[in-house]
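Colleague: Could you give me a close look at one strand in this model and what surrounds it? Please add whatever else helps me place it in the fold.

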Amino acid sequence: MSKSSQILLEGRRLKLSNLDKVLWPGEGYTKGELIHYYAEISSYILPHLNQRPLVFTRYPDGINQKFFYQKNVPGYLPDWIQTFAWESGDKIINFMLAREKADLVWLGNQACIEVHPWLSCQASIQNPDYMVFDLDPSPDNSYPEIVVIALLIKQVLDELQLRAYIKTSGSAGLHIYVPLLPRYSYEEVRQTAGLIAGMVSTVRPDIATIERTVNKRGSKIYIDYMQNAIGQTICSPYSVRPREGAPISAPIRWEEIEEVSPDMFTIKNIFPRLSKQGDLFKSVLTDKQDLTKAMSYSN
C-alpha cells in the first residue's frame, strides 16, 4: 500500500493515510497491514460487534508508544457510521456501532488496534447476553496453570448445565463466554459469575484468586468476573492486541486448550485456520441460555 490513498469500499468513500507507518516495530507491521487485516476479518468479527457499543484502544505511534481509549466518537466520524447515545452522569457518550467492512477500515485508519464491545446489545442494553470470565495470570503463572483454572470453571458450568465457549485473549490469558438469553440484569449475571469464580478459587487457592487488588493477588491467576457490569467491555473475538507479533483473540475448541497458547494466533496466521474451521464462536451468537437454574443454585 502507498503512504496514502482514497478508496471506494462497498459504496463508502474512505481516505486512508500514513499507511506505511510502522505500528509493530519488531516485525515492521504497518498501519496498512492493520487495515488490511480488519478488512479481511470483517465477515468473522462483525457479527460479534453487531449493535454493541464499542470502545477502542488507539496507538497512533505504534504499540510501544502512548495509547488512549476512545469511547466518544470524534466529530469527524463519517456520516454513515451509526452511534449509540449513553447517558453517563451529567454527560452523553456517543459510542460507535460497527455494521460493515468500511466501519472497520475507518477504525484501522485511526490506528485502532483493539476493539472492545459491551456485553449487551443496543436493543437490550440493560441485559447482557454473555457471562464472561477473564483469566488474567500473574507473570509467575504458567500456561498449564491457566488451563487448570479454565477447565475447573468449565466443570462447574457443566454441572450447572451451562455451555461455555473459550478463546485466547491474544495477550497472556484466556476468555470464557457463557451466552445468555438477554433477560437478566448485569447484577444477577455478575453475582452468579462471582459465585462460580469463588468456588474455583476455593478449590485451587494456590494458583487462583478473585482478589481485585493487584498487589494482594500474589503469584495467582485472577478470575475476573467483575467485567460483567454495564459499560464494561472485553476484547472481541478476532480483535488485534498491541503485543509483539500482532496476536489476536482467537476462538478455540475446548479439546485443543492444552495445545495452544494465548498469543499464538496472529494477523498473519489466522486465515488458514478460519478457512478450515470457520468461526468457532459462531454458536455464541445463537446459543442463548437460561440462567435461572444457576441463579437458584447461587442463592
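Modeller: I'll begin with the strand and then work outwards.

Quick ground rules before that. The model is predicted: local features need pLDDT of at least 70, side-chain atom pairs count only at pLDDT 80 or more, and totals for chains, interfaces and linings use all residues. Residues are numbered from 1 along each chain as its sequence is written, and side-chain values use heavy atoms, with hydrogens and water left out.

The strand I'd pick is β5, residues 54-58, and five of its five residues are buried. Buried means under 20% relative accessible area, exposed means over 50%, and partly exposed is in between (1.4 Å probe, protein chains only). Strands here are DSSP runs of E with at least two residues, helices are H or I runs of at least four, and both are numbered from the N terminus. In a regular strand the side chains alternate between the two faces of the sheet. In β5, Leu54, Phe56 and Arg58 sit on one side, with Val55 and Thr57 on the other, and both faces are covered.

Now for the partners of β5. Two strands count as paired if DSSP finds at least two bridges between them. β5 pairs with β9 (residues 112-117) over five bridges, in the antiparallel sense, and Val55 stands opposite His116 there. β5 also runs antiparallel to β6 (residues 68-70), joined by three bridges, with Arg58 opposite Phe68.

The residue I'd zoom in on is Glu114, which lies in β9. Glu114 is buried, at a relative accessible area of 5%. What does its acidic side chain find in there? The side chain of Glu114 makes a polar contact with the side chain of Thr57, at 3.0 Å, and another with the side chain of Arg241, at 2.6 Å. (A polar contact is a pair of N or O atoms within 3.5 Å; within protein, one must be able to donate a hydrogen and the other to accept it, and residues adjacent in sequence count only if both atoms are side-chain atoms.) Taking contact as heavy atoms within 4.5 Å, and leaving aside neighbours within four places in sequence, Glu114 touches Val55, Phe56 and Thr57 of the β5 stretch, as well as Tyr38, Tyr59, Ser239, Val240, Arg241 and Pro242.

Next, the nonpolar packing. A nonpolar core here is a set of buried Ala, Val, Leu, Ile, Met, Phe, Trp, Tyr and Cys residues joined through side-chain atoms within 4.5 Å. The largest one has 81 residues, and Ile149, Leu135 and Met131 are among those with the most contacts inside it. Helix α4 (residues 143-159) gives the most to this core, with nine residues. Apart from it lies another core of nine residues, including Leu119, Tyr130, Val132 and Tyr186. As for Ile149, beyond its neighbours within four places in sequence, it is in contact with Leu135, Val200, Arg204, Ile207, Ala208, Ile221 and Ile223.

Leu135 links this to an open sheet. That sheet has six strands in the order β13-β14-β10-β12-β11-β15, with mixed pairing. β13 (208-209) and β15 are at its edges, each with a single partner strand, so one side of each lacks a neighbour in the sheet. Further in, β10 (residues 130-136) pairs with β12 (residues 174-179) in the antiparallel sense over six bridges, and Leu135 stands opposite Leu174.

β15 turns up again around helix α7 (residues 270-277), whose buried residues are Ile270, Arg273 and Leu274. Down the axis of α7 those residues fall within an arc of 100°, so they line one face of the helix; the arc is that of the directions from the helix axis to the C-beta atoms. Their cover includes β15 (251-252), α1 (31-40) and α2 (42-49). Pro272, Ser275 and Lys276, on the other side, are exposed. Gly278, just after α7, has a positive phi of about 70°.

Positive phi also appears outside glycine. Glu10 has a phi near 50°; Glu10 is in the loop between β1 (5-9) and β2 (12-16) and is exposed, at 55% relative accessible area. Asn18 also has a phi near 50°, in the loop between β2 and β3 (22-24), and is partly exposed at 41%.
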